[in-house]
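Hi everyone, thanks for coming. Please have a look at the model on the screen, and we'll walk through it together.

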Amino acid sequence: MIEIPAEPFPFALDPAHTALVVIDMQRDFIEPGGFGETLGNDVTPLAAIVPTVAELIALFRAKKWPILHTRETHKPDLSDCPPAKRLRGRPSLRIGDEGPMGRILIRGEQGAEIVEACAPAAGEIVVDKPGKGMFYATGVNDLLKANAITHLVFAGVTTEVCVQTSMREANDRGYECLLIEDATASYFPRFKASAMEMIRAQGAIVGWTTPLAAFAGAAG
Ligand code: C5J
């Protein structure tokens, strides 16, 4: 077992039963012209964490510990995108519309791909999810169970939407969850801070948080 210094108390993990989950490090959220920007957001805080997420991925690769990447995507015919999701709000481009990186959040389009610095390597699992949480309408739970994974280390974007939703879903299914603080970001820095507080409140009610340096120092 490895003991990671974390909040609200140390997080113990067995590397044989631990996977890294990298949530939605896609061009559509991180680069100008993508879905995030069409919603009126400044993408700068998301772009800023790319090197840290890449470092975390490199650490797991060096250890040969499993890595799972998610992408928030929809089928080209939008049959997996509820109208309530597509029609909500007043984005300048909606899911499925043609943008500078192809159709917004559509599987196979350039914008739906993971940014190059965090791109999945051969053998790493990539899960396309139509929702914010990684368990909704995916086979992720069966996949993790088949690989005897009990502990999940989370990174990615955005902290209070897809990362937090996925952590809560995982927590309800019995996984022990650790969020790497500087490997996650929100378009709203105060939402990131609040989400991390909510996650670790009440004795780690959803999970733990720790910076990458503390994780890497303990992981060795
Ligand atoms: C959002 C995500 N924010 N990956 N998606 O719509 O957090």
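Let's start with the empty space: the largest pocket has a volume of about 530 Å³. A pocket here is an open set of points on a 1 Å grid over the protein atoms alone, where a 1.4 Å probe fits, with protein on both sides within 12 Å along at least five of seven lines; lining residues have an atom within 4 Å of a point. The volume is the space filled by probe spheres set on those points, which are joined across faces, edges and corners.

A word on the source: this is a predicted model, where local features need pLDDT of at least 70 and side-chain atom pairs count only at pLDDT 80 or more, while totals for chains, interfaces and linings use all residues. Residues are numbered from 1 along each chain as its sequence is written, and side-chain values use heavy atoms, leaving out hydrogens and water.

Which residues are the closest to the centre of the largest pocket? Of the 28 that line it, they are F35, L39, E72, K85 and K132. Helices α2 (35–38), α5 (83–86) and α7 (159–172) each give two or more residues to this lining; helices are DSSP runs of H or I, at least four residues, and strands are runs of E, at least two, numbered from the N terminus.

Now find K129, in strand β7 (residues 125–129). Is K129 buried or exposed? K129 is buried, with a relative accessible area of 0%; buried means under 20%, exposed over 50% and partly exposed in between, using a 1.4 Å probe and protein chains only. The K129 side chain reaches the backbone oxygen of G131 at 3.1 Å.

Definitions and conventions: A polar contact is a pair of N or O atoms within 3.5 Å; within protein, one must be able to donate a hydrogen and the other to accept it, and residues adjacent in sequence count only if both atoms are side-chain atoms.
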